[in-house]
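Student: I'm new to this one, so please skip the grand tour. Pick a charged pair, take a close look at it, and then walk me outward from there.

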Amino acid sequence: MLVEAEGRLEPNRFFAYLYTQLDPLTRLPRKAAHVLSELEQGSFKLAVQPTGLDELEVHLRSIANRMGAAIIVGALLLASAIIVRVHRFEWLGIAGFCLSAAIGLYMIWKIVRTPGEL
């Protein structure tokens with residue numbers, strides 16, 4: 001062990017190792033100056049690579065699909081309520097209520113069955 005330590009601490013070998021370890025520190029001020037000059041000129045660009053967006057996209061699509069279906073069902077209910085007020089087309093309003101009830105029940109069944117999709 002003493003022989004190995006003496007070999008590593010040999011002046012030429014020690015200074016070569018020290019130089020390789022200190023080399024990044026000698027380049028640091030130049031790199032910092034380069035970054036600062038680009039910031040000063042307004043040409044500094046920072047690249048960010050987002051990761052893990054696939055799962056987020058799936059969830060956002062699911063939310064958008066559910067919201068869209070809920071808006072359609074709500075609009076169908078509102079239109080059916082307005083149509084029922086017209087005495088000639090009561091049957092159309094009742095059909096709209098039945099259709100919106102069927103779509104609403106399907107949405108509830110689908111949400112309970114698969115929580116993440118529609």
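**A charged pair and its surroundings**

Tutor: Let's start with Glu57, which forms a salt bridge with Arg61, their closest N and O atoms being 2.8 Å apart. (A salt bridge here is a side-chain nitrogen of Lys or Arg within 4 Å of a carboxyl oxygen of Asp or Glu.) Keep in mind that this is a predicted model, where local features need pLDDT of at least 70 and side-chain atom pairs count only at pLDDT 80 or more, while totals for chains, interfaces and linings use all residues. Residues are numbered from 1 along each chain as its sequence is written, and side-chain values use heavy atoms, with hydrogens and water left out.

Back to our pair: the structure holds one salt bridge. Glu57 and Arg61 both sit in helix 3, residues 53–84, four residues apart, or about one turn of the helix. (Helices are DSSP runs of H or I, at least four residues long, numbered from the N terminus.) Arg61 counts as exposed at 54% relative accessibility, whereas Glu57 is partly exposed at 38%. (Exposed is over 50%, buried under 20%, partly exposed in between, with a 1.4 Å probe and protein chains only.)

Now hop along to helix 4, residues 90–113, where Tyr106 and Trp109 are three residues apart, again about one helical turn. Their ring centres are 6.0 Å apart with planes at 40°, so this pair is tilted. (Rings of Phe, Tyr and Trp, using its six-membered ring, pair if their centres lie within 6.5 Å; under 30 degrees is stacked, over 60 edge-to-face, the rest tilted.) Tyr106 is partly exposed at 45% relative accessible area, and Trp109 is partly exposed too, at 48%.

Next, helix 2. This one has 31 residues and reaches 45 Å from first C-alpha to last, close to the expected 45 Å. (That expectation is 1.5 Å times one less than the number of residues.) Helix 2 bends by about 40° at Leu22, with a proline, Pro24, following within four residues. (The bend is the angle between axes fitted to the seven residues ending there and the seven starting there.) Just past helix 2, Gly42 takes a positive phi of about 80°.

Leu22 also belongs to a nonpolar surface patch with Leu9, Phe14, Phe15, Leu18, Leu25 and Leu28, about 680 Å² of accessible area together. Leu9 sits in the loop between helix 1 (2–8) and helix 2 (11–41), and is exposed at 59% relative accessible area. (Patch members have over 30% relative accessible area and no salt bridge; nonpolar side chains, meaning Val, Leu, Ile, Met, Phe, Trp and Tyr, are joined within 5 Å, like charges within 9 Å. Areas come from the Shrake-Rupley method with a 1.4 Å probe, and for residues only the protein chains shown count as cover.)

Key
Helices (H or I, at least four residues) and strands (E, at least two) are DSSP runs, numbered from the N terminus.
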